[in-house]
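Q: I have a sequence and its 3D structure open side by side. Could you walk me through how to read the features?

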Amino acid sequence: MPRERKGDIPRIAKYFSLLTFLKEHTDEKNPITKANLQSELDDNIWKDNRSFQNAISDLMIVLNDACSDNISDQRIVTDRLQRELEVNFDEEFDSFDFKTIYYNHIFSYDEINHITRSILSSDFIEPDTADALMKKIRSALSSALIPVSQSDNEIYRPKKEQKILAQSLNVLTKAMEENKKIQISFYGYGYPPSLKISYMHMLSPYHIISDHGKYYLIAIRDGDSDDKSPSMFISRIDLMRKIEILDDETRIPMKDVNTFPQEIDDKFIHQHYGMSYDKPEKFVLKVQSKWLTFLYDAFGEDMVIQKTEHKKDTYQIELTCSPFGMMHFAMQYSDKVEIVSPDKYREEMRNRLEKLLALYRQ
């Protein structure tokens, strides 16, 4: 039986070999000359320059968008084609005749970095899954693009905590997509330092919020055994364990709870400082101008600022916030922020400060 010659290789195999080389070894910043491309390929496959030129032409016809003048819509780009798209020529122009050529990848350098950093920093993706996705992305890139995407070591997060959080986020997302209730066990730290179960709840999950590096679930909590009405509930997701989707339980509709937010925006976050979930009330504060940054950090632009008449460089701030959140904010900046009203919270602040002073007088 006669030996098969390389020249007998089917045209589709030859074209695939050419396209694979261009995809793996070239890109916009790393084109290859026609001569170098020919020398890199097997001379026995491409018997003559004409067959090689025809292969390039065929690939450009099949893969490029002839109706578009945008370079991003072209996959096989030659120096002649690039000049043709950039400059309007009155004469006929042969795009297939070229000196340099490259494969124009769908994603740019910057886009690849955005994608890889997003994968590596996403709390919804478990570490092992992120590693697998990165391998797939690298296998689809040219060798010149791969170093750009290797940002694994720039972002560090403990893998155990990341895996638990990703699992919780994905279960919660699934429950919301399926319109189902969940049952959660909420844990807190005790002594010796370890997570211990604090309580269990049946919830109708609706929103997930990222606030100050933590994820929170905004849900409707079922009424208790005393026939208490359903109410809004906010909880840290990283402290949840044993999240179970209740397939036979449909979520309580949002409209059934008057104070429950249909949508989440910056105003909601500002009115629930620290993700506190008691009903927001109006507060009036006093603060010196040099401390206004702390107010903006906490409440954004959802406040009214007026300059006071009696004290120079002092401002009166009107805003809406949950009392629990406001008391913690005021305690945190107790030497910088003064609660003016309501009177009951001004009195509560005074009592807290007296207890604090008593601690330090002992």
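A: Gladly. One convention first: helices and strands are DSSP runs, numbered from the N terminus. Keep in mind that this is a predicted model. With that numbering, helix 10 is followed by G300, whose phi is positive, near 55°.

Q: Let's stay there. Which residues of helix 10 (residues 292-299) are buried?

A: Buried means under 20% relative accessible area. In helix 10, that applies to L292, L295, A298 and F299. These residues cover an arc of only 125° around the axis, which puts them on the same side of helix 10.

Q: What do the buried residues of helix 10 pack against?

A: Their partners are two helices and four strands in the list that follows:
- helix 9 (266-271) and helix 11 (323-332)
- strand 9 (281-288) and strand 10 (303-307)
- strand 11 (314-321) and strand 12 (337-341)

Q: How should I think about a core, and which residues of the largest nonpolar core touch the most other members?

A: In soluble globular proteins, nonpolar side chains tend to be buried together. Here the largest nonpolar core has 22 residues, and L285, L295, F299, L319, M326 and F329 touch the most other members. Two or more residues each come from strand 9, helix 10, strand 11, helix 11, strand 12 and helix 12 (343-361). Another core, of 18 residues, lies apart from it and includes L18, L22, F52 and I56.

Q: L295 has come up twice. Which residues is L295 in contact with, leaving aside neighbours within four places in sequence?

A: The contacts of L295 are L285, V287, G300, M303, L319, F329 and V337. G300 is the residue with positive phi that follows helix 10.

Q: Now for sheets. What is the order of the five strands in the open sheet?

A: Strands of a sheet pair through backbone hydrogen bonds, either parallel or antiparallel. In this five-strand sheet the order is 7-6-5-4-8, and the pairing is antiparallel. Strand 7 (231-236) and strand 8 (240-250) are at the edges with a single partner strand each, so one side of each has no neighbour in the sheet. From one strand to the next, the twist averages 45°.

Q: How many bridges pair strand 5 with strand 6?

A: Strand 5 (residues 195-211) and strand 6 (residues 214-221) run antiparallel and share eight bridges. To trace the register, find S204 opposite I220, then H207 with its bridge partner I218. The two strands form a hairpin with two residues between them, and H212 in the turn has a positive phi of about 50°.

Q: And how many residues join strand 4 to strand 5 in their hairpin?

A: That hairpin has five residues between its strands. Strand 4 and strand 5 also pair in the antiparallel sense over eight bridges, with I184 standing opposite H201.

Q: Which helix lies across strand 4, strand 5, strand 6 and strand 8?

A: Look for helix 8 (residues 159-177), which runs at about 15° to strand 8.

Q: What is the order of the three strands in the other open sheet?

A: Read that one as 1-3-2, with antiparallel pairing. Strand 1 (32-33) and strand 2 (76-78) are the edge strands; each has a single partner, so one side of each is left without a neighbour in the sheet. Two bridges join strand 1 to strand 3 (residues 100-103), and I32 stands opposite I101. Helix 1 (residues 11-25) lies across strand 1, strand 2 and strand 3, at about 85° to strand 3.

Q: Finally, backbone oddities. Where is N179 found, and where is K242?

A: N179 is in the loop between helix 8 and strand 4. Its phi is positive, about 60°, although N179 is not a glycine, and N179 is partly exposed with a relative accessible area of 30%. K242 sits in strand 8. K242 is not a glycine either, yet has a positive phi of about 50°; at 64% relative accessibility, K242 counts as exposed.

Q: Which two residues does a cis peptide bond join?

A: Look at S341 and P342, where omega is about 5°. P342 lies in the loop between strand 12 and helix 12.

Key:
Residues numbered from 1 in each chain as written. Predicted model: local features only at pLDDT ≥ 70, side-chain atom pairs only at ≥ 80, totals over all residues. Heavy atoms only, no water. Buried < 20%, exposed > 50% of the residue type's maximum accessible area, 1.4 Å probe, protein only. Arc of directions from axis to C-beta. Contact = heavy atoms within 4.5 Å. Pairing = 2+ DSSP bridges. Axes fitted to C-alpha atoms, helices over the stretch in contact; angles between N-to-C directions. Core = buried A, V, L, I, M, F, W, Y, C linked by side-chain atoms within 4.5 Å.
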